[in-house]
There are 2 protein chains.
Amino acid sequence: MKAELEISETALTERQKDVLDAALALLVEAGDKLTMTSVARRASCSKESLYKWFGDRDGLLTATVQWQASKVRGVPVSRNAFDRDALVAGLERFAADWLRVLSGKISVALNRVAVTHAGTDKHGLGRDLGGIVLENGPFAMARRLEPVLLLGREAGLLKFEQTDEAFRTFFGLVVRDVQIRLLLGDRFELGEAAIERDAKRATEQFLVLYKP
Amino acid sequence: MKAELEISETALTERQKDVLDAALALLVEAGDKLTMTSVARRASCSKESLYKWFGDRDGLLTATVQWQASKVRGVPVSRNAFDRDALVAGLERFAADWLRVLSGKISVALNRVAVTHAGTDKHGLGRDLGGIVLENGPFAMARRLEPVLLLGREAGLLKFEQTDEAFRTFFGLVVRDVQIRLLLGDRFELGEAAIERDAKRATEQFLVLYKP
DNA sequence: GCCAAGCCGTAACGTACGGTACGGTACGGT
DNA sequence: ACCGTACCGTACCGTACGTTACGGCTTGGC
């Protein structure tokens, strides 16, 4: 789907980006308690400008989520010299990246507000926050991982019928209960060492399950 | 005010249970948009009674979540005649039960409100909603699954070092991206057939990974 | 110098909602 | 019959916050 055309059509000025960064910071600090006044004060701009630029509070939130999403576009996978080591390295790097993003304060805050918003849903609006996060979260991860999985199958390193199923299993092995626990406020450390270890373990398990 | 802080063993009258059921229904319908007035109207009780019984809005929410939690206590596992078939059946039933609960409207609504609440957190209060859901969700699942895993290991059917790690992997294999997608508002069906199939697949994969 | 546009800061408005107060009713105990 | 208790229904209050309006400042074009 090329719905991104309309999104990228909204060219943001530097000033507006600063405002969105301020909103992002507030979202991380105070969660959904973010008010228009607080954003205006933090960004040293007037509320009038906020409403002119983003329409209303929902528009500001949407723009903020999209702004963050636009900053974390993933890096592509190198296609040359694809052997087992490359597959393992790719999967491990992928899993580690994902865990790092997932356990970051920004991701937690954004997912929280999106989940909240998905609850009080007014069907009929164009793009809701939940959809945006979904699109730039799990779905984006699936799109980025798909070529890796297909390359692995082409190279005879993996065996699966549906790419989707394989991806979702990998997702489960990587994320496990980490995300839901973080979203529910369980404060537990996920240091760099643990991330690396989990990435290796998930990759290893995945290879066992999907070995030809 | 007479401190009714003995939430742990509060005996609820039938009337209060009715009120909490009304709150639960409203939570499912309208999410966090639930207001004290709407609960009072739905339950045909006065707001004064709400405040008398539950203290404040947070108390009502907490009582509601605990009330639901008290209704879904899991069934224990039979310990006799524990062979491979019993292990497989136990895991499969467990996974299916969990998926059923997880994808239910009530669970989604409760997890939503708990996640929302975990965002606007006032550290210092006793038990927060996120903690309660965590306790009755993933943690309860872990406690219930633990004896099954230990029995499996005793019987020589499974091999693992840390029960916790094994549980979390099983969790990942069962839940995958289902919960986060539902929380984010992705409307996708998870029919009985899919649940059964997923439960079987997750169990199968788990046995492969943790076979001695 | 002058004007218009864009923006900041702040005051003001309207409303939704948490929380409280109070009058009215049913009922069980004495 | 009288009283206390528990509760319903509703009116009311205070506040937070989304949204709008306005006065003053800066800047670029003429």
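## The contact between chains A and B

In this predicted model, chain B and chain A meet through a contact that takes 35 residues from chain B and 35 residues from chain A. On the side of chain B, helix 6 (105-119), helix 7 (129-136), helix 9 (163-175), helix 10 (178-183) and helix 11 (192-209) each supply at least two residues. Sorted by class, the side of chain B that touches chain A holds 14 nonpolar, 11 polar and 10 charged residues.

How are the two chains related? Chain B superposes on chain A after a rotation of 180° with 0.0 Å of shift along the axis, leaving an RMSD of 0.1 Å. That is the relation of a two-fold axis. Both copies use the same surface, since 100% of the contact residues of chain B recur in chain A. If you would like a landmark for the axis, look at Gly172(B): of the residues of chain B, this one comes closest to the rotation axis, with its C-alpha at 2.0 Å.

## Chain A as a whole

Now to chain A on its own. Its secondary structure comes to 12 helices and zero strands. Along the principal axes, the C-alpha trace of chain A spans about 60 × 40 × 30 Å.

Chain A is divided into domain 1, covering 10-71, and domain 2, covering 84-209. The C-alpha centres of these two domains of chain A lie 27 Å apart. Their contact takes 11 residues from domain 1 of chain A and 13 residues from domain 2 of chain A. On the domain 1 side, helix 2 (14-30) and helix 5 (57-71) of chain A are the elements that give two or more residues. Helix 5 of chain A gives the most to that side, with six residues. By class, the side of domain 1 of chain A that touches domain 2 of chain A has six nonpolar, four polar and one charged residues.

## Helix pairs in chain A

Two packed helices are described by the angle between their axes and the distance between the axes. Take helix 2 of chain A and helix 7 (residues 105-119) of chain A: their axes come within 9 Å and cross at roughly 85°. Helix 2 of chain A and helix 7 of chain A are therefore roughly perpendicular to each other. Leu24(A), Leu27(A) and Val28(A) make the contact from helix 2 of chain A, while helix 7 of chain A brings Lys105(A), Ile106(A), Ala109(A), Leu110(A) and Val113(A). The residues of this contact divide into seven nonpolar, no polar and one charged.

Helix 5 of chain A has a partner in helix 8 (residues 129-136) of chain A, with axes that come within 10 Å and cross at roughly 5°. That makes helix 5 of chain A roughly parallel to helix 8 of chain A. Which residues meet here? From helix 5 of chain A come Leu61(A), Thr62(A), Val65(A), Gln66(A) and Ala69(A), and from helix 8 of chain A come Leu129(A), Ile132(A), Val133(A) and Asn136(A). By class, this contact has six nonpolar, three polar and no charged residues.

## A helix pair in chain B

In chain B, helix 7 and helix 8 (residues 138-154) pack at an angle of about 25°, and their axes are 3 Å apart. That makes helix 7 of chain B roughly parallel to helix 8 of chain B. Helix 7 of chain B contributes Leu134(B), Glu135(B) and Asn136(B), and helix 8 of chain B contributes Pro138(B), Phe139(B) and Ala140(B). The classes in this contact are four nonpolar, one polar and one charged.

## Around the DNA strands

Which residues come nearest to DNA strand C? Of the 17 residues around the strand, they are Cys45(A), Ser46(A), Ser49(A), Thr35(B) and Asp56(B). The elements that give two or more residues to the surface near DNA strand C are helix 4 of chain A together with helix 2 (36-43) and helix 3 of chain B. Helix 4 of chain A gives the most, with four residues. By class, the surface near DNA strand C has four nonpolar, five polar and eight charged residues.

DNA strand D is surrounded by 17 residues, the closest being Thr35(A), Asp56(A), Cys45(B), Ser46(B) and Ser49(B). Helix 3 (36-43) and helix 4 (47-54) of chain A, along with helix 3 (47-54) of chain B, each supply at least two residues of the surface near DNA strand D. That surface has four nonpolar, five polar and eight charged residues.

Notes. Residues numbered from 1 in each chain as written. Chains lettered and ligands numbered in written order. Predicted model: local features only at pLDDT ≥ 70, side-chain atom pairs only at ≥ 80, totals over all residues. Domains from an automatic or database assignment. Contact = placed C-beta atoms within 7 Å. Nonpolar A, V, L, I, M, F, W, Y, C, P; charged D, E, K, R; others polar. Near = placed C-beta within 6 Å. Least-squares fit on C-alpha atoms with pLDDT ≥ 70 in both. Axes fitted to C-alpha atoms, helices over the stretch in contact; angles between N-to-C directions. Parallel < 35°, antiparallel > 145°, perpendicular 65-115°, else oblique.
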